[in-house]
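Subject: Structure for you to look over

Hello,

Here is the structure I promised. Please open it first, then read my notes below.

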Amino acid sequence: MADSKARKLAAGNWKMNGVKASLSEATTLAEMFPTPTVGILLCPPATLIAPMAAALSGSKIRVGGQDCHAKPSGAHTGDISAAALVDAGADYVILGHSERRADHGETDHMVAEKTLAAFMAGLSPIVCVGETLEQREAGETLDVIRHQLAGSLPNASDLDTLVIAYEPVWAIGTGKVPTLEQIAEVHDDMRTTLIARFGDGATSIPLLYGGSVKPSNAAEIFATSNVDGALVGGASLKAADFSGIVTALQNA
Ligand code: PGA
């Protein structure tokens, strides 16, 4: 890792969006925040990691991947190792995003193995958890999140580099956001759960909220208990949008 993990983090997940021409959004963002007081991270598609890292070299903005394989190398066509992400210039990797869990059948156990691989390669893993609408309506949210945290984090977790993102599946890309009380309930419970398992060192693990975060709702979300930043999809693609979220986090 280039430097230590930021306690407050505005992380952008570009998902399967962006080509070389989109790098101008990253460099524009870097120009807007030459000396940010919070961590700023962009996770573009794999093909853009190296060129984005090059375009942002000398800036304070970090680059990350959206997935890695659990194994360090080998016959795994189409996959990317954690070490290859580091080699391309990444400092972070998003793991266990609900779209990976849904589209690629990723289980908690697989996410835990990938998280261990990220630690070993020197990447900060951003491990994602979140309930479906059915689970929320059935009153299962806290149980689901506790279960996902238990299964998706290896015992040998490095508390100095681990980041957690709570992303309700029903809030991703939908414009629907939980109430601030619902966000606080989950984030407070995650903090308690992490401290119970890993000890007091878990008090400083950044807990990001994700799911339809916009410049217009970022400030109130960042003022919520145990919310240390955001994992942002759609609103991270344009510097004009993402900058509003970064500014809200700086002011929180
Ligand atoms: P969204 O996505 O901000 O577009 O809702 C968030 C995410 O999936 O990380």
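Start with Asn 226. Asn 226 sits in the loop between α9 (215–222) and β8 (229–232); helices (H or I, at least four residues) and strands (E, at least two) are DSSP runs, numbered from the N terminus. Asn 226 has a positive phi of about 60°, yet is not a glycine. Most residues other than glycine have a negative phi. With a relative accessible area of 25%, Asn 226 is partly exposed. Here buried means under 20% relative accessible area, exposed over 50%, and partly exposed in between (1.4 Å probe, protein chains only).

Two notes on the source. This is a predicted model: local features need pLDDT of at least 70, side-chain atom pairs count only at pLDDT 80 or more, and totals for chains, interfaces and linings use all residues. Residues are numbered from 1 along each chain as its sequence is written, and side-chain values use heavy atoms, with hydrogens and water left out.

Lys 15 is another non-glycine residue with a positive phi, about 50°. Look for Lys 15 in the loop between β1 (9–13) and α1 (23–32).

Now the whole chain. The protein chain has ten helices and eight strands. Its radius of gyration is 17 Å, which agrees with the value near 18 Å for a compact globule of 252 residues. That radius is taken over C-alpha atoms, and the globule rule is 2.2 Å times the number of residues to the power 0.38. Along the principal axes, the C-alpha atoms fill a box of roughly 45 × 45 × 35 Å. Buried residues make up 52% of the 252. Take the contacts (heavy atoms within 4.5 Å) between residues at least 6 apart in sequence: 73% of them join residues at least 24 apart.

Next, helix α5. Helix α5 covers residues 108–121, 14 in number, and reaches 20 Å from its first C-alpha to its last. That is close to the expected 20 Å at 1.5 Å a residue; the expected span is 1.5 Å times one less than the number of residues. The buried residues of α5 are Asp 108, Val 111, Ala 112, Lys 114, Thr 115, Ala 117, Ala 118 and Phe 119. An α-helix has 3.6 residues a turn, so residues three or four places apart point the same way. The cover over the buried residues of α5 includes α3, β4 (92–95), α4 (98–103), β5 (124–129) and α7 (141–152). Gly 122 follows α5, with a positive phi near 90°.

Arg 101 belongs to helix α4. Is Arg 101 buried or exposed? Arg 101 is buried, with a relative accessible area of 16%. Leaving aside neighbours within four places in sequence, the contacts of Arg 101 include Asp 108 and Val 111, along with Gln 148 and Ser 152. Cys 128 is also in contact with Arg 101. Arg 101 and Cys 128 are 27 residues apart in sequence and 9.8 Å apart in space, C-alpha to C-alpha.

Last, the loop between β3 (61–65) and α3 (82–88). Ser 81 lies there, and so does Asp 79. Ser 81 counts as buried at 15% relative accessibility, whereas Asp 79 is partly exposed at 38%. Not counting residues up to four places away in sequence, Ser 81 touches Cys 68, His 69, Lys 71 and Pro 72. Asp 79 and Asp 67 are twelve residues apart in sequence and 8.7 Å apart in space, C-alpha to C-alpha.

Best wishes
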